[in-house]
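Grab a pencil and have a look at the chain below. A few exercises follow, each with its solution worked through.

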Amino acid sequence: MLNSALFSGLAVGQRAVHLRVIETTDLHQHLLPYDYYADRPLDGIGLAHAAHLIDAARAEAPNALLFDNGDFLQGTPMGDLVAYEKGLRDGDLHPVMAAMNALSFDAITLGNHEFNYGLDFLMKTLGGAAFPVVSANLAVAKGTEPRRDRTLVKPYVLLDRMLQDDLGHPHPIRIGIIGFAPPQVMNWDHAALEGRLQARDIVEAARAWVPEMREAGADLILALAHTGIGSARHADGMENAAVPLARVAGIDAMLTGHSHLMFPSPVFNDLPEVDVAAGTIAGKPAVMGGCWGAHIGLIDLLLLREAGEWRVLGTRSEVRSLSERTGTAQPHAVSRVVASAHEETLRAIRRPVGQSDRALHSYFSHLGVIGSLQLVAEAQRDYVRARLRDPELADLPILSAVAPFKAGGRNGPAGYTDVPKGPLALRHVADLYPFPNAIAALCLTGTEVIEWLERSASAYNQIRPGSTGTLLRDAEVPGYNFEVIDPLDVVFDLSQPARYGPDGALIDPQSRRVASVSLDGQPLDPQAQYILCTNSYRAGGAGSFVGARAANLVLADERVTRDILLGHIRQNGTSAEPAGVAAAGRLRFKAMPGTSVIFETGPSARRYMDQIATFQPEPRGLTRQGFLRLKLDLSNGA
């Protein structure tokens with residue numbers, strides 16, 4: 001269909017033109033194929049590795065454009081090193097900009113994680129870009145309508161290009177590039193952005209700016225949309241707005257991201273207006289290229305200029321994996337331009353910061369082995385207690401919510417926290433808490449705390465008593481939405497249906513999985529008030545946890561939780577419990593006699609099997625993805 005010489009829809013003498021659009025998305029500062037948390041090479045990820053795919057994709061097409069779809073700035077210790085230790089002086093070139101410049105990107109847009117290090121740092125970073133940066137729905141000052149906004153960066157850019165047909169004849173075209181970010185960035189980084197940035201609804205911004213792009217002569221409009229593929233029904237401020245965005249008249253093709261998935265893929269088979277076979281959303285060609293540089297997305301467009309206007313004759317969307325291509329033996333230019341930053345990062349992550357008297361891991365966090373989480377909880381609780389100034393809050397019990405950010409899932413079988421007993425390096429602290437979230441605290445009622453736990457319990461599938469072979473975890477709920485609240489003793493009844501869905505929506509108001517919850521041996525009082533330590537991301541509403549709203553916020557501090565954890569380890573080690581704090585709580589399941597489940601975890605979990613002996617674990621081999629399958633007996637609870 002995309003062979004312009006053979007396309008049957010052409011009249012005699014007409015020449016169609018093939019344009020290839022290439023996407024990277026959600027790189028999260030993965031520039032090299034290296035796992036800084038494990039301090040070892042990791043094949044199959046990184047922009048330097050994906051660069052070989054980009055080069056091959058360009059070589060196959062006479063006309064190609066390369067874009068990044070956001071979330072490029074944060075995600076590895078290299079990004080933290082530049083932001084927190086080195087900083088950027090005027091004229092400094094951030095490693096991610098050096099890498100993108102080396103690949104000659106045509107334009108990029110902003111994702112939500114670009115703002116984790118603050119607005120000033122982001123703007124210094126973007127100052128080194130040798131390409132346009134666009135985002136139409138983020139404004140430093142809102143006007144009466146989107147086109148009157150003073151946007152943070154350009155809302156769109158027009159690229160004048162000369163395309164060649166299969167005979168080498170040139171054809172001028174003006175391509176409009178517009179970008180969008182999830183409006184939730186204002187909640188997730190509220191402390192850093194309040195009073196400095198505002199966000200509009202993605203579709204609202206598109207409806208305003210796309211007609212202007214056409215008026216300015218855009219022959220073709222591509223949307224760089226850092227948003228996921230979700231509901232077809234538009235709702236103001238929606239996070240995953242790809243489908244209603246695709247319906248906006250004037251947009252010809254769309255690059256998506258944010259959710260770290262791939263499109264086209266069977267994951268999206270059942271969504272309205274999404275055609276996986278055709279690679280289209282609401283009839284528009286679209287692609288989503290995964291994350292971390294493990295894949296690239298391609299959209300091939302067959303274009304025809306007729307009566308002075310360009311129209312799309314045919315399209316094809318594709319996601320390419322590094323594992324499907326060869327020719328990556330030689331280091332790419334990207335590797336060379338970030339080599340010095342890589343070496344600095346290695347020196348930083350290997351610096352000693354303390355000592356651990358126990359191994360800390362996340363292989364069994366969902367089974368109640370939560371030592372690594374309790375260490376973070378202790379650090380949060382210590383910090384918040386020292387900073388609660390309101391005398392009405394000072395005597396309230398302080399709880400601390402922590403999630404296993406690295407708990408397999410889309411991160412793969414190596415994506416777990418695994419800190420050995422012995423000397424601790426900076427990389428181990430980053431392994432325990434990989435995100436640069438700021439500390440926050442909420443004042444909640446006991447009822448809201450219980451609802452928080454119910455939301456967390458959606459991480460499990462419903463288990464029928466007497467059944468065998470059911471997967472314990474719901475794959476739709478990522479590890480970072482499984483919250484443990486320390487020092488509560490919690491018992492979940494997994495025979496009950498989930499009260500909340502994977503997205504946090506209330507789906508079964510009658511269901512209760514929290515069978516019991518107690519503090520210091522006493523049932524939690526639904527009417528009493530409690531301080532809940534959390535992070536800025538969660539307090540801003542991420543994950544839709546009940547009670548996570550501005551009205552309940554009693555502490556919003558710019559201090560990054562990982563720095564708080566580092567200070568706590570230096571002062572207390574990994575086992576010291578601050579004075580006056582009750583013994584750490586537990587997470588257990590209600591006993592289900594004659595019932596077993598399948599639990600998938602990382603293969604290295606074999607070293608710690610004694611910690612889940614109560615489940616009588618039986619290894620059942622590895623999955624095709626490399627996860628270790630364990631049969632667990634729930635007869636005695638845990």
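The exercises go from confidence to helices, then to a sheet and some salt bridges.

**Exercise 1: Confidence**

Find out how far you can trust this predicted model, and where the pLDDT drops below 50.

Solution. Start with the whole chain: the average pLDDT is 92, and 95% of the residues score at least 70. Then look for the weak spot, which is residues 576–583, where the pLDDT is below 50. That stretch still has twelve contacts in the model beyond near neighbours in sequence.

**Exercise 2: Two helices**

Work out which residues of α4 are buried, then do the same for α11.

Solution. Step one: in α4, residues 119–126, the buried ones are Leu119, Phe121, Leu122, Thr125 and Leu126. Step two: look down the axis of α4; these residues fall within an arc of 160 degrees, so they line one face of the helix. Here's the background: an α-helix has 3.6 residues a turn, so residues three or four places apart point the same way. Step three: check what that buried set packs against, namely α2, α3, β6 and α6.

Now for α11, residues 371–385. It spans 21 Å from first C-alpha to last, close to the 21 Å expected at 1.5 Å a residue. This helix is mostly covered, with twelve of its 15 residues buried. Among them are charged residues: Glu378 and Arg381.

**Exercise 3: A six-stranded sheet**

Which strands stand at the edges of the open sheet?

Solution. Write down the order first: β6-β5-β4-β1-β18-β19, with mixed pairing. The ends of that list are β6 and β19, each with a single partner strand, so one side of each has no neighbour in the sheet. Further in, β1 (17–24) and β4 (64–68) run parallel to each other over five bridges. One pairing to look up there is Thr24 with Asp68 in β4.

**Exercise 4: Salt bridges**

Of the 33 salt bridges, take Glu344 with Lys86 and Lys406 with Asp431: is each partner buried or partly exposed?

Solution. In the Glu344–Lys86 pair, the closest N and O atoms are 3.1 Å apart. Glu344 sits in α10 and Lys86 in α2, so the bridge ties together parts that are 258 residues apart in sequence. Glu344 is partly exposed at 26% relative accessible area, and Lys86 is partly exposed too, at 48%.

Next, Lys406 and Asp431 meet at 2.7 Å, N to O. Lys406 is in the loop between β22 and β23, while Asp431 is in α12, 25 residues apart. Both of these partners are buried.

Methods: Residues are numbered from 1 along each chain as its sequence is written. This is a predicted model: local features need pLDDT of at least 70, side-chain atom pairs count only at pLDDT 80 or more; totals for chains, interfaces and linings use all residues. Side-chain values use heavy atoms; hydrogens and water are left out. Buried means under 20% relative accessible area, exposed over 50%, partly exposed in between (1.4 Å probe, protein chains only). Helices (H or I, at least four residues) and strands (E, at least two) are DSSP runs, numbered from the N terminus. The arc is that of the directions from the helix axis to the C-beta atoms. Contact means heavy atoms within 4.5 Å. The expected span of a helix is 1.5 Å times one less than its number of residues. Two strands pair if DSSP finds at least two bridges between them. pLDDT is the predictor's confidence in each residue, from 0 to 100. A salt bridge is a side-chain nitrogen of Lys or Arg within 4 Å of a carboxyl oxygen of Asp or Glu.
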